[in-house]
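Good morning, everyone, and thank you for coming. Please have a look at the sequence and the structure before I begin.

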Amino acid sequence: MCSLPVPREPLRRVAVAGGTHGNEMSGVYLARQWLQAPGELQRPSFSTTPVLANPAAAAACRRYVDRDLNRTFTSAVLTARPHPDDPYEVTRARELNQLLGPKASGQAFDFILDLHNTTANVGTCLVLEAAHNVFALHLCRHLQLQSPEPPCRVFLYQLPREESYSVHSAGKNGMGLELGPQPQGVLRADLFTRMRALVAAALDFIQLFNQGTAFPAFEMEVYRKVGSVDFPRTEAGDLAGTVHPQLQDRDFEPLRPGAPIFRLFSGEDALYEGESTVYPVFINEAAYYEKGIAFFQTEKFTVSVPALPALAPSPAP
């Protein structure tokens, strides 16, 4: 299932973006720290650029100013003629595309790591577009081995024939890193420390790859998005219930047909009516209320990832 060509040359330019959402504080404060002292991001074989992706939203401690920056990196948005009335995040996406891309070009950064928090109980979640990215899956495997507790799960967010739209899609390659649960606008020391360690481990993996390390084939469990479920609502569109206590905080656990998923305000339970077992992810995420999403449905399967061959020796830049 993995078909994206692996890099044939060392990666030379890497970006670490925090604050794509301005109230996800681990990435915001790590980006601010690294902009002042970027030394810990550097490795002998490549340079790493820290980026505060959405500075206006970070300054206001809001997810975004006008629209979700992490849904804005589509070709239609990036290539449209600029207008003075464009939403802030549209203008910022074009700026980032010039800095980190241009998207789908040979001039783009080799790898972009985008840092996020979630209010959902996902633990450590590694976010990729699809299961065809050999290099990124090897990086995920490296992080799983380096940080076995709590588990590092891989979430594939892109639906079939859906265009990539995230910040990290501006680069030649990339992935998102989600840590939770953490309330919006709150900085937890444990998640801040874990995110910092995971970024260091990711950069160490790229250094190993650049040095000519070969990585063997393996099999990996991944969770692929297949749909989403909205909250129960009234005819006026207001909430009619909330996530059921038996579902709350059980991200990545199996949800079987007939299990309760919502507790209606009337006191009744709403049951899952699907025909097969799914694995809910981002359950009761605060930022998804406006999107009409109570949780994502995913399917769990095993992907066979081929070996990542060693690069030929190459001098450092």
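Helices and strands, as I use the words, are DSSP runs numbered from the N terminus, with at least four residues for a helix and at least two for a strand. With that in hand, I can place Cys61 in the loop between helix 2, residues 55-60, and helix 3, residues 75-79. Please keep in mind throughout that this is a predicted model.

Let me stay with the backbone for a moment. Most residues other than glycine have a negative phi, and most peptide bonds are trans. Cys61, although it is not a glycine, has a positive phi of about 55°, and with a relative accessibility of 34% this residue counts as partly exposed. Arg161 is another non-glycine residue with a positive phi, in this case near 65°, and it sits in the loop between strand 5, residues 152-156, and strand 6. At 84% relative accessibility, Arg161 counts as exposed.

Turning to the peptide bonds, Gly101 and Pro102 are joined by a cis bond with omega at about 0°, and Pro102 belongs to the loop between helix 4, residues 88-100, and strand 3, residues 111-117. A cis bond also joins Gly180 to Pro181, where omega is about 5°, and Pro181 lies in the loop that runs between strand 6, residues 174-180, and helix 6.

That brings me to helix 6 itself, residues 189-210, whose axis comes within 10 Å of the axis of helix 5, residues 134-146, the two crossing at roughly 125°. An angle that is over 115 but not over 145 degrees counts as oblique, and the two helices are therefore oblique to each other. The crossing is right-handed. Which residues of helix 5 and helix 6 meet there? From helix 5 come Phe135, His138, Leu139, His142, Leu143 and Gln146, and they meet Leu198, Ala201, Ala202, Phe205, Ile206, Leu208 and Phe209 of helix 6. Sorted by class, this contact has 10 nonpolar and 3 polar residues, and no charged ones.

Finally, the aromatic rings, of which a search of the whole structure finds 15 pairs. In one of them, Phe205 and Phe215 have ring centres 4.7 Å apart and planes at 40°, so the pair is tilted. Phe205 is in helix 6, whereas Phe215 is in the loop between helix 6 and strand 7, residues 218-229, so that the pair links parts of the chain 10 residues apart. Both Phe205 and Phe215 are buried, and ring pairs link them with Phe111, Phe135 and Phe209 into a cluster.

How values were computed:
Residues numbered from 1 in each chain as written. Predicted model: local features only at pLDDT ≥ 70, side-chain atom pairs only at ≥ 80, totals over all residues. Heavy atoms only, no water. Axes fitted to C-alpha atoms, helices over the stretch in contact; angles between N-to-C directions. Parallel < 35°, antiparallel > 145°, perpendicular 65-115°, else oblique. Left-handed = near helix turned anticlockwise from the far one by under 90°. Contact = heavy atoms within 4.5 Å. Nonpolar A, V, L, I, M, F, W, Y, C, P; charged D, E, K, R; others polar. Phe/Tyr/Trp six-rings, centres within 6.5 Å; stacked < 30°, edge-to-face > 60°. Buried < 20%, exposed > 50% of the residue type's maximum accessible area, 1.4 Å probe, protein only.
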